[in-house]
Structures are given as C-alpha cells and as structure tokens.
Amino acid sequence: MSETETKIASYLRLNGGQPLKGEVVVHGAKNSVSKQMVAALLSEETSVLEDVSLVEDVEIVSEMIRAFGGEVEIEDRKVTIKAPELKFPDEATMIALGKKSRIPPLACGPMLARIGRAIIPMPGGCNIGRRPINFHIDALRLLGATITEEECSFHLDAPEGLKGAKIALEYPSVGSTEQVLLSSVLADGVTELSNAAVEPEIIDLIAVLQKMGAIISVDTDRVITIVGVKKLKGYHHVALPDRIEAASWACAAAVTNGRIKVVGARQLDMMTFLNKFRQVGGGFDINSEGITFYREADELKSISLETDVHPGFMTDWQQPFVVMLTQAKGTSVVHETVYEERFGYVEALNTMGAQIQLYNQCLGGKECRYAGTSYLHSASITGPTKLHGAEIKIPDLRAGFSYVVAALAAEGESKLDNFAVLYRGYEDLPEKLKDLGADIVEVG
Ligand code: EPU
C-alpha cells in the first residue's frame, strides 16, 4: 500500500455542538502539487517535490505517471519522480484516470514534446457544472497540434513539436493557463497568453518551470509570455500550502465558536478571504507558522460577496463560507461567477434548517457570464438559523467540507454519506476533526 492510500471511509457520523479547538497542519495544495507532478514529465531528469498533502489526487497523478513508464516514490511527504523515457500510455487507462480527476488532460504538453503525440481523456473531477475543455483544445490547436475527437478522448499529433503562438483566453481559466504553460515551455518560439489566470498555484507552477530552465514572464495585465527552450532539467521544490483547506478550517472555527491554528496557512495567498472573514466577524492572528482563526464578534454579520478569479474570492472558499453566513445576522448575498452550478449543495443545508434561496440573476451588482441564463448562481442566506443534524449524501469535494462544517454546528447527530469524496482533497479528515475535539460517533 502506498503512503497516500489511507483507509477510506464511506461515511462519517458526528454529533454537532462542540467548539473545534487546537491545531491542524496544511501541506502542499492538491491543486498545485498535481500540476507540478505533471511538470516533472517535461524532463528526463529526476524531480523532487516536498511537503505534499497525501490526498487521493496525488495517488491518481502517480498512477498516470506510471502509465507513461515513469516512477513515483512518496516518502515523508516527499515525491520523487523519474521519467527518463516517456512511453505513450494505454488509452483505456488514461480514460479511466480522466474520469477520476481533472489532471490527465494536462499531461498533453509533456507527451507532445517528448513523444510527438498525446491523448486527452474527456475530463472528470467534481460535479459542479459542465466543465468543458474547449479552451485547452483551442489553445493546443493554435500551438500547432492536429487534434481529432474520439468518443471518450481527443487524439493529438505534433510530430515536429509545438510552435509558439498568440493565444487569448475567453476567460482566465486556471486549467487552460496551466495547459498553455506546460505545452509551450518546450515549444519552438514565443507564446503570448493573454487573459491568463494568475492564481498563486499558477505562479508557483511558473516558479517550478523556471527552476527547470523555462523562460516565463508574467505582466500586470494578465499576459504571460513563454519563450520556448529546447530542454528542461529536473527540479527540487517545496509545495505551496493548501489555501482552500486553510479557509475551510477558518470557517469551521468561526461556526463552532472555536479556535483553530492552521499551521502552514499563508496570509499573502488568502488576503481576499481574510478581509471577508473579518467583515463577517471572524478573527485571526498571523505569525510565521501560520494563522489562528476564531470568532471575534459575539454576533456574526451578514455581507455581500462574489466569487471570482484571483485576486478575487475563490469559488472553492464559497461553500464553507456560506455555512458561516447561515449563522450571521441578516441577509447575505453570494454571487458565484466562476461555475454555473456551484450551489447544488444548499438544498441539503436547507434541510438542516438553513434559509438559503437561489436565483438565476446576478445578485450584488456585477453582471457575470451567467447573466440571462437559467443557472441558479446567486444565493441569499438569511440568518442566524439553528441547524439540526441530518443524513446527507456528499455530492462533491468542497460541498462535502461545507456539510462537515454544518454538521459540526448543528444540534444532534448527522450522517455524511459518500464521505470518500473528501479524500480527493483533504488528508486524514476524520483524524484531524477528532484531534480538534469533534464528537465523531463513527467512521465507516
Ligand atoms: N472553462 C471553459 N472551458 C475550458 C476551461 C474552463 O468554459 O476549456 C470554464 C469552466 O467551465 C469554469 C471556468 O472556466 O466555468 C473556470 O474553470 P477553470 O479552468 O479555471 O477551472 P479548472 O482548472 O478546471 C481549477 C481547480 C478547481 C477550481 C478552479 C477555479 C484544479 C484541479 N481544479 O479547476 O478546484 O475551482 O480551478 O479556481 O486545479 C476543487 O479543488 O474542488 C476545484 C473544483
């Protein structure tokens, strides 16, 4: 059994009402580590990534690297990747991996650079909207790949390698920006990517690529310029701590009226979250080890917020934050502008006693891409409401953590089914909850 394969629970039963107190440590972010593992495939040399979170996505990417003939060793949170030669992977394996995670499509750049052909499985991951990959495909075409669409995959050819191009993204998509970075570093010539995403995880990927020998500059206007190089070296890097997990613990501290020190949380990557957290009545102390979160105000206050690309409020912070808003006085408004269907989870919160209503309008002022559509992408949350325990099936990763937070705040027992989903992004969650004093009845 590998180090990331912990015993996976299918459900969690817990009694709410205990303030969570103590310390948790966040390690390298799932959404950063996975892409940096893919970057290692760009080189024939060995790469080492330290302090990774031992989550299921790391296991999935390791499996993918092995399907390319590479080796992955994980010891003490240190991932060592060797891929001196890359072989074309088995199509069925790639399709199966693509159903479990969003990462396999990103291996396209290394495959095209080192084998001249690639396969992109139709993407999987969380059930939070359509999540197409049309921007990836369009960008790869502009970089010179010939692409044919099959039933469950795209096949790509670039026998002479890719060529630098000017690419403008319709929306600053994280995955598409990473796709262009990983595909153009070894392309011939210069690539100019405009309207790029500039999340900290992307900047950290650029840092890794720079260590490997890439030449990449990021301008103030979301333009990233990549000067293609002929060869890349291996890298040694310490992974970026998970700011989504850190924010999730912050919400759990405020909702349960507890106090959680999140070791590894970084202020610079969480500034927008910290502002909103403080506006609602959350408190935090920052030191060199991390951030301690608690409830500052006796009564939490309602606010208006919208999710956005960086430096906006992350869509992945939204769900536990909404649970916190169920405990705030007055009516809060949350406008989700990144994904069209990221409020599916609120129905279950309403069955626990929350008062959340969904709207297809853009509440809060700004018009987003979903204006005029039928997507229920705005929410009004009226509080404070008493939450009570319930039996809930977890639909996706971030919604799952919000149910954990709601169950912690609720009166009585809750049973969270499909708990295994949470292992994709949160390491040792039942153990961490127990250590913080949660009254966990059963994990099964
Ligand atoms: N989009 C397109 N076409 C594309 C690509 C994206 O229309 O080809 C749209 C998406 O449908 C979405 C928006 O653009 O509406 C943003 O998608 P983006 O590409 O930025 O998201 P992603 O790369 O698929 C990553 C994270 C998500 C996180 C988003 C936004 C990973 C593996 N996933 O997804 O994390 O919400 O960026 O920050 O890095 C999670 O961790 O639970 C999670 C969903």
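Student: Which domains does the shell around the ligand draw on in this predicted model?

Tutor: The shell takes at least three residues from domain 1 (11-26 + 242-443) and at least three from domain 2 (30-238).

Student: Which helices supply residues of that shell?

Tutor: Helix H1 (30-39), helix H5 (134-142), helix H6 (174-184) and helix H12 (397-409) each give at least two. Of the 26 residues around the ligand, Lys 35, Asn 134, Ser 173, Val 174 and Val 338 come nearest.

Student: What makes the pair between Ser 173 and the ligand a polar contact?

Tutor: An N or O atom in the Ser 173 side chain is 2.6 Å from an oxygen atom of the ligand. The cut-off for such a pair is 3.5 Å, so this one counts as a polar contact.

Student: And why do Asn 134 and Arg 369 qualify?

Tutor: For Asn 134, a polar side-chain atom lies 2.7 Å from a nitrogen atom of the ligand. For Arg 369, a polar side-chain atom lies 3.3 Å from a ligand oxygen atom. Both values are within 3.5 Å, so both pairs are polar contacts.

Student: How much of the ligand does the protein cover?

Tutor: On its own, the ligand has 820 Å² of accessible area, and the protein covers 94% of that.

Student: Where does the ligand sit, and what makes "sits in" the right phrase?

Tutor: The ligand sits in the largest pocket. The phrase applies because more than half of the ligand's atoms lie within 2 Å of the pocket's grid points.

Student: What is the make-up of the shell by class?

Tutor: Eleven residues are nonpolar, seven polar and eight charged.

Note on methods. Residues numbered from 1 in each chain as written. Predicted model: local features only at pLDDT ≥ 70, side-chain atom pairs only at ≥ 80, totals over all residues. Heavy atoms only, no water. Near = heavy atom within 4 Å. Polar contact = N/O pair within 3.5 Å; in protein donor to acceptor, adjacent residues only side chain to side chain. Areas by Shrake-Rupley, 256 points an atom, 1.4 Å probe, with all protein chains shown as cover. 1 Å grid on protein atoms, 1.4 Å probe; cavity = no way out; pocket = protein on both sides within 12 Å on 5 of 7 lines; lining within 4 Å. Helix = DSSP H or I, 4+ residues; strand = E, 2+ residues; numbered from the N terminus. Nonpolar A, V, L, I, M, F, W, Y, C, P; charged D, E, K, R; others polar. Domains from an automatic or database assignment.
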